[in-house]
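Grab your viewer and work through the exercises below. Each one sets a task and then walks through a solution.

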Amino acid sequence: MRKGVLTKTSIKVLLSLLLLIGSFEPVVSASYGGSKPADVTFESYFPLREVRLLDSPFLDLQRKGKEYLLWLNPDSLLHFYRIEAGLPSKAAPYAGWESQDVWGAGPLRGGFLGFYLSSVSMMYQSTDDKRLLKRLKYVLKELELCQKAGKDGFLLGLKDGRKLFAEVASGKIKTNNPTVNGAWAPVYLINKMLLGLSAAYTQCQMEEALPILIRLADWFGYQVLDKLTDDQIQRLLICEHGSINESYVEAYELTGEKRFLDWARRLNDHAMWGPLSEGKDILFGWHANTQIPKFTGFHKYYQFTGDERFLTAATNFWNIVTQNHTWVIGGNSTGEHFFPKEEFADRVLLVGGPETCNSVNMLRLTESLFCQYPDAAKASYYERVLFNHILSAYDPEKGMCCYFTSMRPGHYRIYASRDSSFWCCGHTGLESPAKLSKFIYSHSKRIIDGDPDIRVNLFIPSILFWKEKGIELIQQNRLPESEQVSFMLNLKKKQELILRIRKPDWADKVTFIINGKVEYPILDKDGYWVVNRTWARKNKIILQLPMHVYVESLMGSDRYAALLYGPYVLAGRMGTENLPTTFWGKMNNTAMNKIDLNKIPVFRMPLKQIPAYVKSISTDTLKFKIDLKEFDNVVVEPFYKVHFERYAVYWPISY
């Protein structure tokens, strides 16, 4: 849509029609004209409203996530926004990172609200719960009031934020990570609010969100960025800033206003995209989650400019992290920082393992790159992270997310409290339950000769409703307890359809049964089975995916190894010795109580011999024992099921 072509009335009529046919794409109000990306991406995801989860651990997590979103008090999250706008507060703020001093950097005031906006928006799409939409409308109205009271577009809960950024605009910039002039990550706060407003607009068609977004983006652009040299902006970017470059490309995408793309260019951190565009692994010692979101922004910038240096940087970064910096559960770093591959054997003994935030942001980057080039390697990595880090990071009672997932043998997790933590991993922890269905299915962005295609990326029980094409795909499975995955493909009429199903790297001899007949689909170069035919109105596809126990060495070392079964990492239950009195708490209550490593059983044999000693003791609820004397009384289960006790993901190896 081009600026000035459509009136407000015609926009509303068009929006209503799009909603009726279930094919909504982000649209803009009559005041703005959107901009389309360069013709560089080839795969698209289905809207969250077109995919519904069925009974599984993922649906359980989604329900707990929605419950927490509805439990939170929006007025408490809005407290500092109203205060900074000169308006009276309606409720006291929450504790923890929302309002209390952390590490001498002060609170991350109001940092939760941007994630709340994006999470509520996605969860509404995923569940169609009208209570969420009501919350979203309320928060947007409050933010509009705060922004109007300020009169200049500023919209943050940051204490004396205007004064801070006036100092920055004057050239007074003292940065480290995580502060700018003593304030904790102020540009990160802008980024998260912009992402939340964008989600409300694109996910839930809240037209009132776009003007709020534009005013905030313009305030930072005109009042700060335009007054700084490129070198000064690069100095500002030393501090953690999320994917602020992505937010400005997105503002350009939604409005077509070139100034946002110009600002996005200046917000690309050269210290990262420069070396990574040359394939250099310079990540050692860098704060991991500060870097990861930048690369989603670099890829977004490439999509709207065609500048291949940024595509190369994003691709190289993904490859380097997954190949050189990743634990068996898919997470990366320890103590929040990247480290050399040869240090894994020492780092596994630390209590601060991979940070949940990192995995959330690596999944976002994977989603973006997958649209560029959809292949089984990216989908397999996504599966490893989602099934083993994300799913395991939430406690099964309250659904709260942990900060670190220790890889130290015999350690345990501590989870956020509902009202007094608000860690960064609680921020991103809001979003994951809301978008669990995003990556299960995708389709070609451009459909050749009108024949639709569906790509099955993940084996998660769910229903895809592709209303535009009259297609319903129902996936059922009980992985890992059962090896069978079944699909019911229901069409409004007999039609051509290309079905692509990922060949999992954990299954060997796979049996394909289509409408009662064993078939042997072609496996394409990207790792997907391809079934291209004219389908009847009712079809059943059954996959037998034989699973087995296998072993994966600790990266960079032969001193530790992990057990896996199918897509799941296995963990041994290691008891309750010297555990804390509560598993929910503030940062100073994080898991610190170690046990002696001499209490951890050791495998005294070559890796290839280990699986033979892992014996199933239950199939209804998958459990194993290890048939070795040292491992007496150790029960082994999928890691996501082990909570409120000590566990071992990595086992010492000595022979």
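## Exercise 1: a serine in a helix

Serine 247 is buried, since its relative accessible area is 4% (buried means under 20% relative accessible area, exposed over 50%, partly exposed in between, with a 1.4 Å probe and protein chains only). Before you go on: this is a predicted model, where local features need pLDDT of at least 70, side-chain atom pairs count only at pLDDT 80 or more, and totals for chains, interfaces and linings use all residues. Residues are numbered from 1 along each chain as its sequence is written, and side-chain values use heavy atoms, with hydrogens and water left out.

Task: find which helix holds serine 247, and what serine 247 touches beyond four places in sequence.

Step 1. Serine 247 sits in helix α11, residues 244-255. Helices here are DSSP runs of H or I with at least four residues, strands are runs of E with at least two, and both are numbered from the N terminus.

Step 2. Skip residues up to four places away in sequence, and the contacts of serine 247 are Asn191, Leu194 and Leu195 (contact means heavy atoms within 4.5 Å).

## Exercise 2: checking two helices

Task: work out what α5 should span at 1.5 Å a residue, then do the same for α18.

Step 1. The expected span is 1.5 Å times one less than the number of residues.

Step 2. Helix α5 (residues 111-127) has 17 residues, so it should span 24 Å; its end C-alpha atoms are 25 Å apart, which agrees.

Step 3. α18 has 15 residues and should therefore span 21 Å; its end C-alpha atoms lie 20 Å apart, which also agrees.

Step 4. Now check burial. In α5, 16 of the 17 residues are buried, so this helix is mostly covered. In α18 the count is 14 of 15, so α18 is largely enclosed by the rest of the structure.

Step 5. Look just past α5: aspartate 128 takes a positive phi of about 60°.

## Exercise 3: the loop between α18 and α19

Task: is aspartate 395 buried or exposed, and which residues is it in contact with?

Step 1. Aspartate 395 is in the loop between α18 and α19.

Step 2. Its relative accessibility is 1%, so aspartate 395 counts as buried.

Step 3. Leaving out neighbours within four places in sequence, aspartate 395 is in contact with Lys64, Met400, Tyr415, Trp584, His643 and Phe644.

Step 4. For a long-range pair, take aspartate 395 and lysine 641: they are 246 residues apart in sequence, yet 9.3 Å apart in space, C-alpha to C-alpha.

Step 5. Phenylalanine 422 lies in that loop between α18 and α19 too. It has a positive phi of about 55° although it is not a glycine, and at 3% relative accessibility it counts as buried.

## Exercise 4: cavities

Task: how many cavities of 30 Å³ or more are there, and what lines the largest cavity?

Step 1. Set the rule. On a 1 Å grid over the protein atoms alone, a cavity is a set of points where a 1.4 Å probe fits but cannot get out; a pocket is an open set with protein on both sides within 12 Å along at least five of seven lines; lining residues have an atom within 4 Å of a point. Points are joined across faces, edges and corners, and a volume is the space filled by probe spheres set on them.

Step 2. The count comes to 4 cavities of 30 Å³ or more. The largest cavity holds about 130 Å³.

Step 3. Of its 16 lining residues, the closest to the centre are Tyr68, Met400, Gly426, Gly429 and Leu430. α19 gives the most to this lining, with 4 residues.

Step 4. By class, the largest cavity is lined by 11 nonpolar, 5 polar and no charged residues. Here Ala, Val, Leu, Ile, Met, Phe, Trp, Tyr, Cys and Pro count as nonpolar, Asp, Glu, Lys and Arg as charged, and the others, Gly among them, as polar.

Step 5. The second largest cavity has a volume of about 80 Å³, and α18 gives the most to its lining, with 3 residues.

## Exercise 5: an open pocket

Task: which element gives the most to the lining of the second largest pocket?

Step 1. This pocket has a volume of about 420 Å³. Of its 23 lining residues, the closest to the centre are Ser380, Tyr381, Arg384, Asp505 and Glu552.

Step 2. α18 gives the most to the lining of this pocket, with 6 residues.
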